[in-house]
Amino acid sequence: MQHSDPDDLFDRAEMPVAPFEFNADVARVFPDMVRRSVPGYADLVALCGLVARRVARPGTRCYDLGCSLGAVSLAMLARTPSGVGIVAVDNARAMVDGLARRLAEVPGGERVRVCCADVREVEVADASVVALNLTLQFLPPQARAGLLARIRDGMVPGGVLVLAEKVRFDDAAEAALVTALHEDFKRANGYSELAIAGKRAALERVLVPEPAAAHEQRLREVGFTRVTRLYQHLNFVAWAAWT
Ligand SMILES: Nc1ncnc2c1ncn2[C@@H]1O[C@H](C[S@+](CC[C@H]([NH3+])C(=O)[O-])CC(=O)[O-])[C@@H](O)[C@H]1O
Ligand SMILES: O=C(O)C(=O)Cc1ccccc1
């Protein structure tokens, strides 16, 4: 577990709350924030490592798009042979700088190329594994198919995209129950009512979830041949999409 300051960013939130952004304050508390906010986060990271171990081949690359502090990149590094390159991309400078510092301390860390860039502008090539672990949800919905198509075009035959997203439920009763359970998860992890409400307001229109079925349809429409739902914990779902 990477070092983290405790996440108290919304403990004293005053309405109206500013739109959420991945700034230096978020980077400073991110490991604590994501562990306490995303049910199954550690499983999602481990899953990306397991897929990389099974699918990545020397001479190909693994991509961690929207890498944050690089938990998925580190999992891929630990599970792949030296001939596999890893490309970690994030447009938050504080996240990228934090990952670069971490990699300097990790044996083999030089296998990871860290790029501060928008994932929509990064070339994907010779990719056997691509991870979009809780990243696509922060792109405008209208930009998502184009990114997925470019990823698909940059992947080798037999490659796998691991997509993990917070999903929306169109059935009102289902949405109410799962949202309540997610907030119970946050309460159980020590967040106050004020912090839960403040984070919810900050994420409004910044994190835009879609129904699971919409993700599955889009993955097929951009050309992935098989789409398998690998994991779900409350309103967080992960798929493997094959080229
Ligand atoms: N257009 C963009 N271009 C590049 N980066 C972006 C963009 N939009 C958002 N980001 C970056 O995507 C990441 C989303 S967090 C991913 C967790 C990570 N995958 C993990 O496995 O720990 C999800 C979460 O915190 O819930 C942030 O670091 C943003 O800066
Ligand atoms: O979906 C939520 O309610 C979250 O809190 C997810 C999250 C986790 C870390 C940074 C931004 C959003």
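**Exercise 1. Sort the residues that line the second largest pocket by class, and find where they come from.**

Step 1: start with the classes. The second largest pocket has a lining of 9 nonpolar, 3 polar and 7 charged residues. Here Ala, Val, Leu, Ile, Met, Phe, Trp, Tyr, Cys and Pro count as nonpolar, Asp, Glu, Lys and Arg as charged, and the others, Gly among them, as polar.

A quick word on the source: this is a predicted model, where local features need pLDDT of at least 70, side-chain atom pairs count only at pLDDT 80 or more, and totals for chains, interfaces and linings use all residues. Residues are numbered from 1 along each chain as its sequence is written, chains are lettered from A and ligands numbered from 1 in the order in which they are written, and side-chain values use heavy atoms, with hydrogens and water left out.

Step 2: get the volume. The second largest pocket holds about 480 Å³ of space. Of its 19 lining residues, Lys166, Thr179, Arg200, Pro209 and Asn235 are the closest to its centre. The search runs on a 1 Å grid over the protein atoms alone: a pocket is an open set of points with protein on both sides within 12 Å along at least five of seven lines, a cavity is a set where a 1.4 Å probe fits but cannot get out, and lining residues have an atom within 4 Å of a point. Grid points are joined across faces, edges and corners, and a volume is the space filled by probe spheres set on the points.

Step 3: look for the helices. Both α6 and α7 give at least two residues to this lining, and α6 has the largest share with 6 residues. Helices are DSSP runs (H or I, at least four residues; strands are E, at least two), numbered from the N terminus.

**Exercise 2. Describe the largest pocket and say which ligand sits there.**

Step 1: size it up. The volume of the largest pocket is about 730 Å³. Its lining has 38 residues, and Phe22, Ser68, Leu134, Thr135 and Phe138 lie nearest the centre. Two or more lining residues come from each of α1, α3 (71-79), α6 and α7.

Step 2: check shares and classes. α1 supplies the largest share, 4 residues. The lining splits into 22 nonpolar, 8 polar and 8 charged residues.

Step 3: place the ligand. Ligand 1 sits in this largest pocket, meaning that more than half of its atoms lie within 2 Å of the pocket's grid points.

**Exercise 3. Work out what holds the surroundings of ligand 1.**

Step 1: list the neighbours. There are 20 residues around ligand 1, with Tyr41, Gly66, Ser68, Asp90 and Asn133 coming nearest; a residue is near if one of its heavy atoms lies within 4 Å. By class, the shell has 12 nonpolar, 6 polar and 2 charged residues.

Step 2: pick out the polar contacts (pairs of N or O atoms within 3.5 Å). A side-chain N or O atom of Tyr41 is 2.5 Å from an oxygen atom of ligand 1. For Ser68, a polar side-chain atom lies 2.8 Å from an oxygen atom of ligand 1. On the backbone side, a polar atom of Val119 is 2.9 Å from a nitrogen atom of ligand 1.

Step 3: see how covered it is. Ligand 1 taken alone exposes 650 Å², and the protein buries 94% of that. These areas come from the Shrake-Rupley method with a 1.4 Å probe.

**Exercise 4. Find the lysines that contact ligand 2, then look at the largest cavity.**

Step 1: take the lysines in turn. Polar side-chain atoms of Lys166 and Lys186 each lie 2.8 Å from an oxygen atom of ligand 2. For Lys199, the side-chain distance to an oxygen atom of ligand 2 is 2.7 Å. Alone, ligand 2 exposes 330 Å², of which the protein buries 95%.

Step 2: add the rest of the shell. Residues around ligand 2 include Phe20, Met33, His182 and Phe236. The shell counts 6 nonpolar, 2 polar and 3 charged residues.

Step 3: turn to the cavity. The largest cavity has a volume of about 50 Å³. Among its lining residues are Ser37, Lys186 and Lys199, and α7 gives the largest share, 3 residues.

Terms used. Polar contact = N/O pair within 3.5 Å; in protein donor to acceptor, adjacent residues only side chain to side chain.
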